[in-house]
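You asked for a reading of this model before the bench work is discussed. My notes are below the structure.

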Amino acid sequence: MLTLASDFGSPYPAAMKGVLLRRTDARLVDVAHDLPRQDVRAAAFWCRETLPYFPPAVHLVVVDPGVGTNRDALVVRAGDHAVVAPDNGVALPAARRIAVESGAAVECFRYEYADPASSTFHGRDVFAPAAAAVHGVGVGAIESLDATASVESLPPEGSTEAVVDCRFPEAKLGADAAHGEVLVVDDFGNVVTNVPGSFLDGRVGETLSVDGTLATVVRAFADVDADERLVTVGSHGFVECDVNRGRGDDAFGLAPGDDVRMAER
Amino acid sequence: MLTLASDFGSPYPAAMKGVLLRRTDARLVDVAHDLPRQDVRAAAFWCRETLPYFPPAVHLVVVDPGVGTNRDALVVRAGDHAVVAPDNGVALPAARRIAVESGAAVECFRYEYADPASSTFHGRDVFAPAAAAVHGVGVGAIESLDATASVESLPPEGSTEAVVDCRFPEAKLGADAAHGEVLVVDDFGNVVTNVPGSFLDGRVGETLSVDGTLATVVRAFADVDADERLVTVGSHGFVECDVNRGRGDDAFGLAPGDDVRMAER
Amino acid sequence: MLTLASDFGSPYPAAMKGVLLRRTDARLVDVAHDLPRQDVRAAAFWCRETLPYFPPAVHLVVVDPGVGTNRDALVVRAGDHAVVAPDNGVALPAARRIAVESGAAVECFRYEYADPASSTFHGRDVFAPAAAAVHGVGVGAIESLDATASVESLPPEGSTEAVVDCRFPEAKLGADAAHGEVLVVDDFGNVVTNVPGSFLDGRVGETLSVDGTLATVVRAFADVDADERLVTVGSHGFVECDVNRGRGDDAFGLAPGDDVRMAER
């Protein structure tokens, strides 16, 4: 199985699929091709939140503002999974999550590539062939590919200077308040913060101040009326600032990267 | 075969696909993930207009404004097909259409689920596992799943109080006029009404008033110039108010749910 | 293998997929369903830039402003590939590119169809069944289909009056300047011209005037700062007018079909 994620919109991913299908019979599964454009941190977040649900697979992830420069191409192995991606951090959070869940190490390999046909579309000319090659030999035999060179093997939660990493900030939790940051805003307009869902334990039904904006803590969107603000534990396990049948980003005035302070009213 | 339809946008459907692919080797086919957001009636319409074209399959449909509340999860069997969806009516029109075409009954089963990981993403945590389970035992053996309990078996065109239904209004037809309603506006801006296409029999070439706006009755879009209004029988078998290479909703001032009166000029 | 490309948005392609899957077990691969609406030239361009990357396949391409009129349906064979499309030129550039690469002829067949269920959705009612039929007999046996009639066989680069063709204009190149045209603007806002990439040979690092707007010639987007204009050889092999992490169409004031003059400053 081979999954594809990118910020390429349409129809560029089709060229990648053609390149893959000339080299492999693998099942192809689209993760998303509308990841926030050239936003490595957001892409890393969404990959972490989707790729670990898949069975063992090679994951092709191309969000690549440095395309055509001398940044490296990576193959990152985490147990039975491999992520093929530019060396800009986009692969690491997903690989770490998969590694933690399977008790595996995070192993990073550099993938050597010759001068490709284009210097603007390495998804087609570098990463798709690399992903097909990794799928061809199998995730367990990445070492056998002439094109790869091991960089470093890390424990599941480990760090390294050898490749570019991407870390999400951690929220600060007090008894009555939390200081966090907005990680992403999703398609619905839901504001996903880095405040752990546990902060809402025992608070369902209470009113919370989010940077001064009041909202009710609920379990389900429909626990408030349409167009009403709510705070809840979202599907990522973090506190979200949302609106039932509306957009939380507009109602709370929050965007990715914003600081956010939640406190009992 | 397993089809997926939702209003989840991107990249949430990828998590559902991962969950499915951990449980089944079934072919996955995306129907749409940009169904009108939390609009059960529109989603029910689009499912009715697409799912019956498929060969026997399990159809996963998640448009679910009541996620996390105590609304039930349903498995609806219609002949060789099953629709897995929240109990909000979204599955019924498609199931009824399939049942009518195959002379089968519409059989509704409740699907019991334990407290899921999230109360905001039952597509991933409830409906995808349910669809995989139904696919695993086969549509003919839904009764064998411990998690299901039969609710009621209906004749193809039948109704029930046991589950939430969704019915589209019927237009009133006179000799020279029709009173109907706008069911949906599609991506092209085509205005799909509930007036049966037969209302246009013998009227091709005539001018029709649509709420006072005049338009020509044609067989094909290109029978009028670019940017000109037209009335035609659309691919759903209903009368549509469209514009050649333009948007009918803007040109006719019509939106879903609007009353519409068509009359000879 | 069967690929699908259209301007149908969503969810109409699902009906096509259902029709196909009732008739064939072929692997289905989406190329794009958001091709520029009813824009045959743009669709022809994108098909030429994506379909040749695929292994041998039947390619279903439906961008069809003449749907329901008496325009023909075509099956175009190019080596091991076939393109099934309306006779409006959309299939020819891709077929020609594939033919050139494989040294094959471009062979055009008309596909006869009975009055279809709708006169507005031939993607579902004419072209999907045709593509399934072609896939069923195999690209090498198109002649065996009762529904097809050979029109003409062309050399790879050849022309014909027998079917509607689509040709892209050629740029005029001088020593210090190029006169070309904007072919398409992609999802990123990158302005793809018809000026061959070779025009930039030896100019990397120079400043170029594009209709009076100055920009640096670079190899990679990241060779200029964010939001800065650049001129580069894009992945199609043509000169593009782009902005690093921004939209070239806005920054250069260029749109598809515009004349463009590039000259040394």
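The points below go from the single chain to the way the copies meet, and then to local details.

1. Status of the model. This is a predicted model, and local features are described only where pLDDT is at least 70. Side-chain atom pairs are held to pLDDT 80 or more, while totals for chains and interfaces use all residues.

2. The single chain. Chain A has five helices and 15 strands. Its C-alpha atoms occupy a box of roughly 60 × 40 × 30 Å along the principal axes. The radius of gyration of chain A is 20 Å, which agrees with the value near 18 Å for a compact globule of 265 residues.

3. Symmetry. Chain C is superposed on chain A by a rotation of 120° with 0.0 Å of shift along the axis, and the RMSD is 0.0 Å. That is the relation of a three-fold axis. For chain B, a turn of 120° and a shift of 0.0 Å along the axis also lay it on chain A, with an RMSD of 0.0 Å.

4. Position of the axis. Which residue of chain C comes closest to the rotation axis? It is Arg27(C), whose C-alpha is at 5.4 Å. In chain B the residue closest to the axis is Arg27(B), with its C-alpha at 5.4 Å.

5. Which surfaces meet. Only 3% of the interface residues of chain B are also interface residues in chain A, so these copies meet through different surfaces.

6. Chain C against chain A: extent. The contact involves 29 residues of chain C and 30 residues of chain A. Together the two chains bury about 2500 Å², with 55% of that area on carbon and sulfur atoms.

7. Chain C against chain A: polar links. How many salt bridges cross the interface of chain C and chain A? The rule finds one. It pairs the side chains of Arg219(C) and Asp115(A), at 3.8 Å from N to O. As the cut-off for a salt bridge is 4 Å, this pair is counted at 3.8 Å. Between chain C and chain A there are also 15 residue pairs in polar contact, with both residues at pLDDT 80 or more.

8. Chain C against chain A: which elements take part. On the side of chain C that touches chain A, strand S2 (28-32), helix H2 (40-50) and strand S13 (229-233) each supply at least two residues. The largest share, four residues, comes from S2(C). By class, this side of chain C has 14 nonpolar, six polar and nine charged residues.

9. Chain B against chain A: extent. Here chain B gives 30 residues to the contact and chain A gives 29 residues. The area buried between them is about 2400 Å², 55% of it on carbon and sulfur atoms. In chain B, the residues that lose the most area to chain A are Pro11(B), Tyr12(B) and Leu21(B), together 23% of what that side buries.

10. Chain B against chain A: polar links and elements. One salt bridge is found across the interface of chain B and chain A. Arg219(A) and Asp115(B) form a salt bridge, with their closest N and O atoms 3.8 Å apart. The interface also has 14 residue pairs in polar contact, both residues being at pLDDT 80 or more. Helix H1 (residues 12-23) of chain B gives the most to the side that touches chain A, with eight residues. That side of chain B divides into twelve nonpolar, ten polar and eight charged residues.

11. Salt bridges overall. The whole structure has 45 salt bridges over all chains. Among them is a bridge between the side chains of Asp30(A) and Lys17(A), at 2.8 Å from N to O. This pair links distant parts of the chain, with Asp30(A) in strand S2 (residues 28-32) and Lys17(A) in helix H1 (residues 12-23), 13 residues apart.

12. Backbone points to check by eye. The peptide bond between Ser10(A) and Pro11(A) is cis, with omega about 0°. Pro11(A) sits in the loop between strand S1 (2-6) and H1 of chain A. In chain C, the bond from Ser10(C) to Pro11(C) is cis, with omega near 0°. Separately, Gln38(B) has a positive phi of about 55° although it is not a glycine. Gln38(B) is in the loop between strand S2 (28-32) and helix H2 (40-50) of chain B.

Definitions and conventions: Residues numbered from 1 in each chain as written. Chains lettered and ligands numbered in written order. Heavy atoms only, no water. Least-squares fit on C-alpha atoms with pLDDT ≥ 70 in both. Contact = heavy atoms within 4.5 Å. Buried area = accessible area lost by both parts, 1.4 Å probe. Polar contact = N/O pair within 3.5 Å; in protein donor to acceptor, adjacent residues only side chain to side chain. Nonpolar A, V, L, I, M, F, W, Y, C, P; charged D, E, K, R; others polar. Rg over C-alpha atoms; globule rule 2.2 N^0.38 Å.
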